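This report walks through the packing and backbone details of one model. Please keep the sequence and the structure in view while reading.

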Amino acid sequence: MAHPSFIPKPPASLLTSPSSSCFLLLLLSLSTVALYTLHLHHHHLQPTTKTKTTSKTALHYRTTFLSLSTNSTLSAYLRRLTLHPHLAGTPLSLQTAQYVQSHFSTLGLPTHVNDYSALLSYPTLSSLSARFKNGTNEPLPLAEPGFGPGNDVVRPYHAYSPSGSVIGYAVFVNLGREEDYNKLEAMGVSVERAVVVARRGEMSRYAVVEKAAEKGAAAVLMYTEATAEFNGGGVERGTVMGGLGDPLTPGWAGVEGGERLGLEDSDVLRRFPKIPSMPLSVDTAEIILRSLEGTRVPYEWRGTLKSEVGSVGPGPTLLNFTYQGEKKMASIRNVFAVIRGSEEPDRFVLLGNHRDAWTYGAVDPNSGTAALLDIARRYALLMHLGWNPRRTIILCSWDAEEFGMVGNILSPVVTIIVMASLIGSTEWVEQNLVNLGSKAVAYLNVDCAVQGPGFYATATPQLDNLLLEVTKKVEKLLLSTVKDPESEGMTLYNKWKTTDRGVDILRFSGADSDFAPFLQHAGVPSTDLYYGRDFPVYHTSFDSYNWMLNHGDPLFQRHVAIAGVWGLLALHLADDPVLPLNYLSYAAQLQEYTNVLSNLLEGSVSLHPITASIQEFVVAAKEAEEEAKKSSPRLLAKSTNCHNYSESYSLMPSYLHGDFISLELKKLRAQEAPGSTSELKKRMMNDRLMFAERGFLDAEGLRGREWFKHLVYGPPGDHDGKLVFFPGIADAVSRSRKMNRIEGDAAIQHEIWRVARAIQRAAYALKGGLT
């Protein structure tokens with residue numbers, strides 16, 4: 001398949017300008033970059049002689065990195081990536097992998113692939129018809145308008161749904177939560193052997209189907225409500241498998257010739273729902289919902305209900321539902337480009353994005369893929385100018401993430417259960433677990449880079465200060481800034497600060513993208529960056545380049561901003577002599593979590609083990625920060641109040657609030673001569689900063705979900721829970737409701753002790769010595 005030129009022709013919309021002079025300047029700048037880049041492309045981007053990266057040259061390269069951004073290049077990458085749908089395991093998906101691989105290798109970057117065999121799921125037959133009260137039978141549409149037979153887009157389905165045929169009365173169950181079924185039961189409505197209709201909300205698809213099966217339903221139909229931006233026949237595809245990774249290789253990689261469980265193995269079967277399900281468009285769903293009679297929709301549901309529904313049923317509409325699918329082994333491919341570090345080649349900074357899509361994937365995930373390709377291009381240009389990172393940078397393009405994506409985090413204040421199979425990244429992490437555990441500095445994830453307006457960032461707390469620095473103007477370090485695409489003349493940080501939520505860095509309360517295996521299984525500090533909270537064409541055939549061009553990011557300014565932040569984060573983590581990881585932010589966050597937990601538990605158990613461990617942790621974090629400081633505007637000694645921590649921060653011990661600049665570390669950071677004693681000290685310091693996150697892992701994992709090892713961040717097992725942190729404690733609180741008081745408190749107390757020991761392990765790692 002033909003590839004676009006290295007600097008492709010910009011679309012017409014990108015050449016629209018308020019004045020002819022601006023237009024000419026834009027053309028001139030693009031032409032200059034194009035000629036320079038094509039010259040490098042002709043010579044396969046062979047770098048010039050490498051020089052040691054000092055603080056001055058690092059500043060120069062970061063400024064140059066920002067100056068190399070072009071909207072048209074990002075637009076052309078996205079256009080090329082979305083010419084065809086590319087569902088994992090299909091020939092078109094392989095072509096997309098080959099395009100990414102070719103792009104990396106053409107830039108002169110060392111490139112390789114990892115192939116795995118995984119159990120994927122595809123539809124073969126689906127139908128739905130309704131018999132209404134007047135006796136008429138009507139087939140109901142399942143396909144999206146304009147995407148009929150013969151189109152390369154896969155028909156709407158739920159991956160890993162069991163096959164089956166069901167005839168049953170329709171019942172509306174709202175969001176499919178426990179409280180919704182309790183409400184129906186209180187009104188005398190039974191879902192036994194019914195075909196339940198649920199609207200998508202805060203629960204994962206897997207959880208909705210499992211809850212329906214638990215209540216006796218025969219099948220589930222799910223729809224996504226229309227929005228003001230999109231009102232019509234789009235159907236949200238997705239998966240209903242639970243857990244992460246290939247179900248046939250739980251906990252180990254699905255390599256050629258390796259062990260695989262059988263399809264009938266109990267550990268495999270429990271990953272799949274027990275009853276069939278199917279996604280619907282809102283139009284099809286409302287045909288059913290408008291026909292229901294019986295008990296009126298509860299008042300409590302009406303506040304957020306946009307659909308046309310008056311009663312919940314059962315019936316009188318009778319649904320005839322059939323789904324046939326096949327689970328089969330398919331080949332998936334991860335693609336990597338590696339920029340080897342010059343001084344610490346065995347320390348890895350990883351940037352990752354998944355490449356596979358349910359349909360065309362302009363937003364999900366290829367807005368992120370386009371940004372990754374552009375970062376690769378800019379890094380290659382920097383290498384030609386003589387740059388080489390201190391540490392190794394690995395660009396990762398993952399496959400088969402979507403086959404596990406069963407939910408989205410849409411709100412930082414509502415508990416949302418999100419779990420994803422993330423097959424490509426999970427298989428790779430499991431295969432490389434020991435090396436990642438001992439050598440990975442950080443994992444920087446971008447999935448849906450651009451969904452709409454508003455910048456959002458999720459991070460483990462030690463990366464907060466670095467993230468803030470990269471998004472705002474720091475004149476002494478950067479001669480250019482990352483501009484906010486939504487406000488002329490403002491930096492991204494200043495615009496972020498003026499939003500209603502302020503500078504609110506979110507935390508990893510789910511497992512909804514490829515950061516999950518790195519953070520929640522391997523304990524690697526992580527970030528996830530994106531523009532926009534959600535988008536109306538999610539997982540539909542309308543997630544196309546045209547939607548992005550007309551709605552998501554017409555001038556591709558948000559793409560430029562995300563690529564700038566993402567690439568600069570990696571440059572700091574790869575080049576800073578001492579890693580920019582600040583654990584005082586982590587200490588403040590742990591303290592805030594403990595305060596929330598204290599209010600929730602109301603004194604029924606003792607939190608003293610956690611509070612004592614936090615005190616030990618903050619002492620270690622303070623000492624580490626003292627050692628890791630330099631007289632630099634980037635590394636302010638005062639802990640930044642970047643997560644609305646004002647109240648919890650004021651409760652921290654007084655010794656965390658002053659300037660702690662170590663004279664010894666001033667000298668340490670000032671010395672950059674290779675081979676000196678200071679290099680060994682930096683290495684030892686960096687190891688402590690890098691390994692501290694691993695301390696939050698527990699070998700036993702979360703109860704019933706042992707693959708998840710992180711005791712601070714992970715998806716809780718109960719979607720009705722109130723905690724979005726300490727998932728083991730959250731699970732114990734949920735289980736305690738079904739126990740007597742003594743047994744329940746004992747279960748919670750045990751999990752409190754586990755968290756306390758994890759915090760203590762992290763403190764020991766920061767200290768670096770033995771007890």
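Helix H13, residues 464–471, is mostly covered: eight of its eight residues are buried. In this predicted model, the buried set of H13 runs through Asp 464, Asn 465, Leu 466, Leu 467, Leu 468, Glu 469, Val 470 and Thr 471. Charged side chains are thus listed beside leucines, including Asp 464 and Glu 469. What covers them? The cover includes strand S13 (455–459), helix H14 (492–497) and strand S14 (526–531). Helices H17 and H18 also belong to that cover.

**The nonpolar core**

The largest nonpolar core holds 215 residues. Within this core, Tyr 379, Ile 610 and Phe 617 have the most contacts. Helix H17, residues 557–575, supplies the largest share of the core, with twelve residues.

Ile 610 and Phe 617 are both among the buried residues of helix H19. The others in H19 are Pro 609, Ser 613, Ile 614, Val 618, Ala 620, Ala 621, Lys 622, Ala 624 and Glu 625. The length of H19 can be checked. At 1.5 Å a residue, its 20 residues should span 28 Å. The end C-alpha atoms of H19 lie 29 Å apart, which agrees.

Which residues touch Ile 610, leaving aside its neighbours within four places in sequence? The contacts of Ile 610 are Thr 594, Leu 597, Phe 726, Ile 729, Ile 752, Val 755, Ala 756 and Ile 759.

**Aromatic pairs and one cluster**

A search of the whole structure finds 32 aromatic pairs. One of them joins Tyr 586 and Phe 617: the ring centres are 6.2 Å apart and the planes meet at 75 degrees, so the pair is edge-to-face. Tyr 586 lies in helix H18 (residues 583–601) and Phe 617 in helix H19 (residues 608–627), so the pair ties together parts that are 31 residues apart in sequence. Tyr 586 and Phe 617 are both buried.

Phe 725 and Phe 726 make another edge-to-face pair, at 5.3 Å centre to centre and 85 degrees between the planes. Both Phe 725 and Phe 726 are buried.

These four rings belong to one aromatic cluster, together with Tyr 583, Tyr 593, Phe 696 and Tyr 713.

**Phe 696 in its loop**

Phe 696 sits in the loop between helix H22 (677–691) and helix H23 (727–736). Is Phe 696 buried or exposed? The relative accessible area of Phe 696 is 0%, under the 20% limit, so this residue counts as buried.

Leaving aside neighbours within four places in sequence, Phe 696 contacts two rings of its cluster, Tyr 586 and Phe 617. The rest of its contacts are Leu 590, Lys 709, His 710, Leu 711, Val 712, Ala 758, Ile 759 and Ala 762. Phe 696 also comes up to a distant part of the chain. Its C-alpha atom is 7.2 Å from that of Gly 523, and the two are 173 residues apart along the chain.

**Charges over rings**

Two arginines sit over aromatic faces. Arg 80 lies over the face of Tyr 99, 4.4 Å from the ring centre. The charged end of Arg 378 sits over the ring of Phe 65, and the distance to the centre is 4.4 Å.

**Cysteines**

How many disulfides does a search of the whole structure find? The count is zero. Two cysteines can still be placed by burial. Cys 396 is buried, with a relative accessible area of 0%. Cys 448 counts as buried at 10% relative accessibility.

**Backbone features in loops**

Four loop residues deserve a look at the backbone level.

| Residue | Backbone feature | Loop |
|---|---|---|
| Pro 314 | cis bond from Gly 313, omega near 0 degrees | helix H9 (299–302) to strand S9 (318–339) |
| Pro 365 | cis bond from Asp 364, omega near 10 degrees | strand S10 (344–354) to helix H10 (366–384) |
| Asn 174 | positive phi of about 60 degrees | strand S4 (164–172) to helix H5 (178–186) |
| Arg 193 | positive phi of about 60 degrees | helix H5 to strand S5 (195–199) |

Asn 174 has its positive phi although it is not a glycine, and Arg 193 is likewise not a glycine. Their surroundings contrast. Asn 174 counts as buried at 1% relative accessibility, whereas Arg 193 counts as exposed at 62%.

Conventions:
Residues numbered from 1 in each chain as written. Predicted model: local features only at pLDDT ≥ 70, side-chain atom pairs only at ≥ 80, totals over all residues. Heavy atoms only, no water. Phe/Tyr/Trp six-rings, centres within 6.5 Å; stacked < 30°, edge-to-face > 60°. Helix = DSSP H or I, 4+ residues; strand = E, 2+ residues; numbered from the N terminus. Buried < 20%, exposed > 50% of the residue type's maximum accessible area, 1.4 Å probe, protein only. Lys NZ or Arg CZ within 6 Å of the ring centre and 35° of its normal. Disulfide = S-S within 2.5 Å. Expected span 1.5 Å × (residues − 1). Core = buried A, V, L, I, M, F, W, Y, C linked by side-chain atoms within 4.5 Å. Contact = heavy atoms within 4.5 Å.
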